[in-house]
Amino acid sequence: MMQTAPYDSQCSTQKICVMVPTYNNAGTLGEVLRNVLAYTSHVIVVNDGATDHTAQVLAEFPQVNVLAYQPNRGKGIALRRGFKYAMAHGYDYVITIDADGQHYASDLPAFFDKVREKPRAILIGARNLQQENMPGKNTFANKFSNFWFYVETGLKGPDTQSGYRLYPLHAMKKMWFICTKYEFEIEVLVKSSWRGIKIEWVPVQVYYPPAEERVSHFRPFRDFSRISVLNTVLVTIAFLYIHPRNFIRFIFSKGGLRQLVREQLLTPEESNATKALSIGFGVFMGIVPIWGFQMIVGLVMAALLRLNKALVIIAANISIPPMIPVIVYLSFMTGRLYVKEDATWVIFSKSLTVESMWQNIFQYVTGSITLAVAAGLLAWGISYALLAAFRKKRNP
């Protein structure tokens, strides 16, 4: 009689499976599967077009469900197809574990325990990135990824590149993805966070063999370039839509405005001058004509000037989409101070020329910079006066 694995009951009840995407990892795949099967028999292997003897290794494990196809398509496609396969077989959760042997199946119970507490969260196995044999390029890449993940979502995490994860498939229904390679693991985290799915971390062990024994399909230049392009797109979406949307939702949520005032404006740790300067600078950054880069430049400058970063970002949201037409119009009107002939409506002229187009751009840029300075100074003055009066009454 076949012995039941210790977590089979929980996996059956909560509809959890362990998924192993693999491509030419025949040397380590067998040991990975033996270790996983010691904890649960709910296992799916995605054979992403392997050309080595992976098929022969899988033949030794008839109890494992296998999704195989040709040719190799990349880890992103393997995971996306694997998710669909798992849902078609009735699973609500997938724990992904790499086939190269770097992850320990002994950490699976940590995911099983955590999913009871956080049933709608993506759980990421956070590795110790300072341990022996950890490749230097991995440490740099992870810090790089963590930084951009923070910029795109506002969340800080210790390890955004770990492939040891639990995905709540039931919470990710109707989501769409475009990435096919390693960058998918960034895309799925960012888009899930934008959708309101929590991201949690679980400490795990990791094994990195000596350099001469490692098998990696990561192509540094090509894959790093793809990741960079993805981050550029995600940052643009985040600052033009996601962050303004979240800000509006927060302001109009129950108690949101009161919390904002209490936590950012009335805290005694900063002076009125610093708070007012943060608001004025935020308004300036929200209007200055560097669309798509306003938030990130504002964050960097706020850190250098030691301003209140939260107030800077909040004030910069003056450029939320409904306000953009107003800001552009006022910029053109202000720019009339710098041109001999008003070019505001030249774009609608039948006699449009290159010279008139440049005049139009000049009028807009000079006007928007002037408007940004004026609005920033006005916001600083009003904020300082209100803070001085209100905080004095509150703290006599």
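Select Lys-156 and Tyr-150 to begin: Lys-156 lies over the face of Tyr-150, at 5.4 Å from the ring centre. The model is a predicted one, and every stop below is a place in that prediction.

**A second charge over a ring**

Go next to Tyr-69 and Arg-81. The charged end of Arg-81 is placed over the Tyr-69 ring, 4.4 Å from its centre.

**Aromatic rings**

Colour Phe, Tyr and Trp. The count of aromatic pairs comes to 12. One to display is Phe-147 with Trp-148, an edge-to-face pair whose centres are 5.0 Å apart and whose planes make an angle of 75 degrees. Is Phe-147 buried or exposed, or in between? Phe-147 is partly exposed, because its relative accessible area is 44%, and values from 20% to 50% fall in that class.

Then select Phe-83, Tyr-167, Phe-177 and Phe-184, which together form one aromatic cluster. Keep Phe-83 on screen for the following stops.

**The largest core**

Which residues have the most contacts inside the largest nonpolar core? They are Phe-83, Ala-86 and Met-172, in a core of 39 residues. To see where the core comes from, show strands S1 (16-22), S2 (43-48), S3 (65-69), S5 (122-126) and S7 (199-203) with helices H4 (75-88), H7 (184-195) and H8 (220-252); each of these supplies at least two of its residues. Another core, of 31 residues, lies apart from it and includes Val-18, Ala-26, Val-36 and Ala-121.

Centre on Met-172. Beyond its neighbours within four places in sequence, Met-172 is in contact with Phe-83, Tyr-167 and Phe-177, and also with Val-188, Ser-192, Arg-195 and Ile-197.

**Helix H4**

Select 75-88, the helix that holds Phe-83. H4 has 14 residues, and the distance from its first C-alpha to its last is 20 Å, close to the 20 Å expected at 1.5 Å a residue. Show side chains for its buried residues: Lys-75, Gly-76, Ile-77, Ala-78, Leu-79, Gly-82, Phe-83, Tyr-85 and Ala-86. What do the buried residues of H4 pack against? Their partners are S1, S2, S3, strand S4 (93-96), strand S6 (165-168) and H7. Just after the helix, stop at Gly-90, where phi is positive at about 90 degrees.

**Strand S5 and Leu-123**

Now select 122-126, the run of S5. This strand is largely enclosed by the rest of the structure, because 5 of its 5 residues are buried. In a regular strand the side chains alternate between the two faces of the sheet. Turn S5 to see Ile-122, Ile-124 and Ala-126 pointing one way, with Leu-123 and Gly-125 pointing the other way.

Add the strands paired with S5. S5 and S7 run parallel and are joined by 5 bridges; in S7, Ile-199 is the bridge partner of Ile-122. S5 and S6 run antiparallel, with 2 bridges between them, and Leu-166 in S6 stands opposite Leu-123.

Finish on Leu-123, in strand S5. Why does Leu-123 count as buried? Its relative accessibility is 0%, and the limit for buried is under 20%. Leaving out residues up to four places away in sequence, Leu-123 touches Phe-111, Lys-114, Val-115, Lys-118, Tyr-164, Arg-165, Leu-166, Glu-200 and Val-202. For a last distance, pick the C-alpha atoms of Leu-123 and Pro-168: they are separated by 8.7 Å, with the two residues 45 apart along the chain.

Note on methods. Residues numbered from 1 in each chain as written. Predicted model: local features only at pLDDT ≥ 70, side-chain atom pairs only at ≥ 80, totals over all residues. Heavy atoms only, no water. Core = buried A, V, L, I, M, F, W, Y, C linked by side-chain atoms within 4.5 Å. Buried < 20%, exposed > 50% of the residue type's maximum accessible area, 1.4 Å probe, protein only. Helix = DSSP H or I, 4+ residues; strand = E, 2+ residues; numbered from the N terminus. Contact = heavy atoms within 4.5 Å. Phe/Tyr/Trp six-rings, centres within 6.5 Å; stacked < 30°, edge-to-face > 60°. Lys NZ or Arg CZ within 6 Å of the ring centre and 35° of its normal. Expected span 1.5 Å × (residues − 1). Pairing = 2+ DSSP bridges.
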